[in-house]
Every structure is written in C-alpha cells, then in structure tokens.
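Take a walk through this structure with a few stops along the way. Start with how helices pack, then turn to two single residues.

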Amino acid sequence: MGTKIQINDLTKTFGTGKNAVNAVDNLSLTINPGELFFLLGPSGCGKTTLLRMIAGFIDPTAGSIAFDDKIVTHDPPNKRNTGMVFQSYALWPHMTVAQNVAFGLNVRKVQKPDRDKQVIQALEAVQMAQYAHRKPTELSGGQQQRVALARAIVIKPAVLLLDEPLSNLDAKLRNDLRHQIRDVCKSSGITTVYVTHDQKEALSMADKVALLKDGKIMQLGTPVGLYRKPKSKFVAEFLGETNLIHTKASGSANNTTLQIEAGTFNASLDQDHSGDTLISIRPEAITLKQPGTPNTLPGKLLHSTYLGETAQHIIQLKGAPPIKVAQLNPFAPTTIAPNPGDQVALHLSPTDIVPITHS
Ligand code: ADP
Ligand code: MG
C-alpha cells in the first residue's frame, strides 16, 4: 500500500544568466510508502517548487522523479494520479459539498451508485458527511479545507500533496485540523507530502521532515531526531528556541567536560569532541537551582517573562551570551522563583547538549 517517491539530483532553475536562481538545487530524497513526509523551511526555500514538480505542474531543469519504479519526471499532472490541497480551498462556489467532492470521480467516469458511496466515504473520513448538501459559502474555513481534503482523497491518489493547507486558518482550528489530517493520511495509507513553514505543524504531524534552505535539504529525520539532534545553527534555530554556547571540550563522547568562563559542566555526546566546540541546548533542558548546588554554573537573573504554562528567564553567565531558560509550572511550591538581579545556578542536562558542526 502507498507509493514510494524517489527523487534524484532534482534541480529547478528559474531565470537565466545572472538572474538564474536554483529554487530547488540538486536535491535527492526518498519518501517511503504511506509516509507523512514534511517539506519544512522559510519562505522562498523551494518547498512549493519541489511539490509542484512532484505533482507535474513544473517541469524540472535536471534530475528525475519516480513513483515506485516508474519514472514520471516529465509526465503531465493527469498522468500521475496525485491529489492536491492548497492554502486557498479552491472549491467551486456554485456546487454543493458533495458535487465538489464528486468532481474528480466524474472526470474518471465513475458512475452512480459507486460514485455516491465513495463521496460519502471521503466526507466521512473528514467528518463532513452531514454537510454534503451545503454550498462552500455556508461553511467555515476549516470545514471548507476538510472538503478540499475529501476531494483530494476521494480519487484514491497514489500521492497526496498539501501546500500550506492550514495557513489561512486561526490558531485553534489549525491545531484541531492537524490531528484530523494526520489521521486521514495514516488511515488511508496514502503517501503524503506536506509543505509548511510552521515548525510546530511539522513537529506535531510528521513521520519525517526535510528541513530546506535555498533549495537544499539541511537535515532530514524524524521530528524528535531533528529537534533533539540538530547538526547546524540553522536547524537548531528554525525548530524552536535554543542557546548556542562556545565551549572548550575535553574527555570523550558520553563523558565530555565542557568549559566556559563561568565553570565546567558535563555533556553526554554521541562522539568525541575536543577543543573549541559550539553547543546547542534548548531552554527547557536547563533548570534553575539554588546557588552553590553541585554541577551547576553560577549566573545572575536578568529578567523573567511569565507565559502561562511556562516562565522564560534570561540569565547572564560569565563567558556566554544571555541564556534562555524555560521553566515549566512556574508557580509550583518547589519551583525556584528568583527576581531580577538575584544570583542563581543553572544545571544543563548532559544528554540534551548537542555539538553544532556547521552553520
Ligand atoms: P517556498 O514555497 O518555499 O516559499 P518557492 O518554491 O515558491 O518557495 O520559491 C523558491 C524560489 O524560487 C524563490 O526564490 C522564488 O522567488 C523563486 N520562484 C518560484 N517560482 C518562480 C517563478 N515562476 N519564476 C521565477 N522565480 C520563481
Ligand atoms: Mg510556497
């Protein structure tokens, strides 16, 4: 079940001569059958261009795309059997929900009663069956996008392609729909490629994520792998808040000692590092302790921001940029609640320290 997508050395160049831009730059990638695969990255990094080459709307400059073992690189969209969902819902306003969803089946000459049955099944999958006879204008944005999803899956596409499908919706609805879209993709078994610039969307939904910059993959992995083991500054910073600290390393792998002016701390790394080492550690992997606690670094609280479920503290350590600390449950009785100017001690979780090897 599900189609394997194999992309080899794919390039798309827009413009010529001095104005030439590689929107996608010699990119290779395998997407496994049934995978919910995310293309994540800042605006302009080439996500839409890559997705549209997979769909067949953009002709690649070089390289190849295969669905299972069939090369489709220059096939037109209607030869590829893909379903697409865009940021704008693009439903036909004069048709009912059911008619919108039936459209692709009509094109494929699927007759009643099969057609009606498949339309209802697709609407049920997105929990919209009770709205079958409404017009799109009688639906909310989130409901319209669920209809667009039903319309894309009803044809049982080999590959489902979504381009920023939640970007027009408000935050609460986006959250609800994340789970729903993931459920639909996983229960249908359709290989899905999902484009977004929203790291939370990618982390919460994806089986795998390719983080793109300038048409290239900076890092590919699971959400946990990317968040916990970023290899570059770009990946560490794109996926959330982090602290980047220049240290001097000694020792070996899971028994590494890191030194800054404020003191030394332990790190459990995957490999040996020695000498100048840049590390990344997330704010939530640092804990506030009473001054003088063993295995901590002394610092001074600069300021605190209360954010509801967390508090963010900014702490000055000798020999480091201001350190961000995220403190869960800031009003729990055992929580240390310092005031600006107070001396504090920081404990850096050794297994959450990651060496950063390139920019
Ligand atoms: P994303 O979807 O990640 O925001 P795009 O794939 O839309 O990025 O664009 C990638 C790069 O290619 C950008 O620099 C964009 O300006 C350029 N680009 C995209 N489409 C065209 C086009 N039709 N003509 C010229 N340049 C384009
Ligand atoms: Mg785009």
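How are α2 and α3 oriented to each other? This is a predicted model, and the helix axes can be traced in it. Two packed helices are described by the angle between their axes and the distance between the axes. The axes of α2 and helix α3, residues 114-125, come within 9 Å. They cross at roughly 120 degrees. Angles of 65 to 115 degrees count as roughly perpendicular, and only those over 145 as roughly antiparallel. The angle here falls in neither range, so α2 and α3 are oblique to each other. Their crossing is right-handed.

Now move along to a second pair. Helix α4 covers residues 141-153, and helix α5 covers residues 171-188. Their axes come within 11 Å and cross at roughly 15 degrees. Angles under 35 degrees count as roughly parallel, so α4 and α5 are roughly parallel to each other. Here too the handedness can be given: α4 passes α5 in a right-handed crossing.

Next, the surface. Trp-92 sits in the loop between β6 (82-85) and α2 (97-107). Its relative accessibility is 31%, so Trp-92 counts as partly exposed. Trp-92 joins Phe-103 and Val-107 in a nonpolar surface patch. Together the three have about 260 Å² of accessible area.

The last stop is Pro-33. This residue lies in the loop between β2 (21-31) and β3 (36-40). With a relative accessible area of 42%, Pro-33 is partly exposed. Met-1 is 32 residues away along the chain, yet the C-alpha atoms of Pro-33 and Met-1 are separated by 6.7 Å.

Terms used:
Residues are numbered from 1 along each chain as its sequence is written. Chains are lettered from A and ligands numbered from 1 in the order in which they are written. This is a predicted model: local features need pLDDT of at least 70, side-chain atom pairs count only at pLDDT 80 or more; totals for chains, interfaces and linings use all residues. Side-chain values use heavy atoms; hydrogens and water are left out. Patches are made of residues with over 30% relative accessible area and no salt bridge: like charges are joined within 9 Å, nonpolar side chains (Val, Leu, Ile, Met, Phe, Trp, Tyr) within 5 Å. Accessible areas come from the Shrake-Rupley method with a 1.4 Å probe; for residues, only the protein chains shown count as cover. A salt bridge is a side-chain nitrogen of Lys or Arg within 4 Å of a carboxyl oxygen of Asp or Glu. Helices (H or I, at least four residues) and strands (E, at least two) are DSSP runs, numbered from the N terminus. Buried means under 20% relative accessible area, exposed over 50%, partly exposed in between (1.4 Å probe, protein chains only). Axes are lines fitted to C-alpha atoms, for helices over the stretch in contact, and angles run from 0 to 180 degrees between N-to-C directions. A crossing is left-handed if the near helix is turned anticlockwise from the far one by less than a right angle, and right-handed if clockwise.
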